Amino acid sequence: MSILTQVNSTDAIAPASTEKQATNEIKTTFSSEEIQKLLPHRYPFLLVDKIIDYIPEKLAVGVKNVTVNEPQFQGHFPGRPLMPGVLIVEAMAQVGGIVLKQLPGFEDGLFVFAGIDKVRFRRQVVPGDQLVMTVELLCVKQRRFGKMQARAEVDGQLATEGELMFSLIN
């Protein structure tokens with residue numbers, strides 16, 4: 001699991017000795033391997049390739065590279081492959097899971113959907129697209145429920161947006 005600390009602080013004090021001190025860096029990006037340490041999802045249902053920005057307890061920005069060889073495109077739709085909306089929503093939820101899994105006290109928790117509101121699909125997502133998903137934590141209630149605002153874009157155009165609610169189940 002990644003260690004969260006502070007990066008680029010102007011309050012840094014130079015060490016008084018030559019001993020190595022722990023670096024004060026916030027982990028702001030995550031590789032596929034690091035994502036798999038945080039999320040339980042695996043192929044073919046791991047839908048986040050990397051995290052390109054992360055602000056602890058606030059938001060994450062993830063990337064999904066959509067490729068024609070993914071299993072859903074065999075039947076959705078032959079001759080005109082479109083990424084199913086439910087998979088776009090699931091991909092956004094997985095980005096949200098990166099934020100939730102790193103909240104203090106929730107590291108061992110399993111979060112599942114508790115609700116999906118105000119979701120709108122604004123643009124088709126097709127093979128060759130890079131889906132960039134920004135998911136922001138709105139609130140956590142009773143240390144059991146989380147609510148997040150999510151949006152997915154392709155080439156700077158809004159593809160999908162909505163509110164995602166999660167419940168801690170263990």
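**Exercise 1. Find out whether Phe30 and Tyr54 are buried or exposed, and then work out how their rings meet.**

*Solution.* Start with the surface: Phe30 is buried, and Tyr54 is buried too. Keep in mind that this is a predicted model.

Next, look at the rings. Phe30 and Tyr54 make an edge-to-face aromatic pair, with 5.4 Å centre to centre and 80° between the planes. The label follows because planes over 60 degrees apart count as edge-to-face.

Now place the two residues along the chain. Phe30 sits in the segment before α1 (32-38) and Tyr54 in strand β1 (residues 50-55), so the pair ties together parts that are 24 residues apart in sequence.

Finally, check what else is around Phe30. Lys27 lies over the face of Phe30, 5.8 Å from the ring centre.

**Exercise 2. Decide which kind of aromatic pair Phe113 and Phe166 form, and state how exposed each partner is.**

*Solution.* Begin with the geometry: the centres of Phe113 and Phe166 are 5.7 Å apart, with 15° between the planes, and the pair is stacked. Here the cut-off is that planes under 30 degrees apart count as stacked.

Then locate the partners. Phe113 belongs to strand β3 (residues 111-121) and Phe166 to strand β6 (residues 157-168), so the pair links distant parts of the chain, 53 residues apart.

Last, compare the surfaces. Phe113 is partly exposed at a relative accessible area of 32%, whereas Phe166 is buried at 4%. By the same ring rule, the count comes to 3 aromatic pairs.

**Exercise 3. Describe how β1 and β2 are arranged.**

*Solution.* First, the direction: β1 and strand β2 (residues 59-65) run antiparallel and are joined by 5 bridges. Next, the register: Ile51 stands opposite Gly62 in β2. Then the connection: the two strands form a hairpin with 3 residues between them, and Glu57 in the turn has a positive phi of about 65°.

**Exercise 4. Place Glu107 in the fold and give its distance from Leu38.**

*Solution.* Glu107 is found in the loop between α2 (85-100) and β3. With 31% relative accessibility, Glu107 counts as partly exposed. Glu107 and Leu38 are 69 residues apart in sequence, yet their C-alpha atoms are 8.2 Å apart in space.

**Exercise 5. Characterise the largest pocket by volume and lining.**

*Solution.* The volume of the largest pocket is about 200 Å³. Its lining has 13 residues, and Tyr43, Pro44, Leu46, Lys64 and Glu70 lie nearest its centre. Sorted by character, the lining divides into 6 nonpolar, 4 polar and 3 charged residues.

Terms used:
Residues are numbered from 1 along each chain as its sequence is written. This is a predicted model: local features need pLDDT of at least 70, side-chain atom pairs count only at pLDDT 80 or more; totals for chains, interfaces and linings use all residues. Side-chain values use heavy atoms; hydrogens and water are left out. On a 1 Å grid over the protein atoms alone, a cavity is a set of points where a 1.4 Å probe fits but cannot get out, and a pocket is an open set with protein on both sides within 12 Å along at least five of seven lines; lining residues have an atom within 4 Å of a point. Grid points are joined across faces, edges and corners, and a volume is the space filled by probe spheres set on the points. Ala, Val, Leu, Ile, Met, Phe, Trp, Tyr, Cys and Pro count as nonpolar, Asp, Glu, Lys and Arg as charged, and the others, Gly among them, as polar. Rings of Phe, Tyr and Trp (its six-membered ring) pair if their centres lie within 6.5 Å; planes under 30 degrees apart count as stacked, over 60 as edge-to-face and the rest as tilted. Helices (H or I, at least four residues) and strands (E, at least two) are DSSP runs, numbered from the N terminus. Buried means under 20% relative accessible area, exposed over 50%, partly exposed in between (1.4 Å probe, protein chains only). A charge sits over a ring if NZ of Lys or CZ of Arg is within 6 Å of the ring centre and within 35 degrees of the ring normal. Two strands pair if DSSP finds at least two bridges between them.
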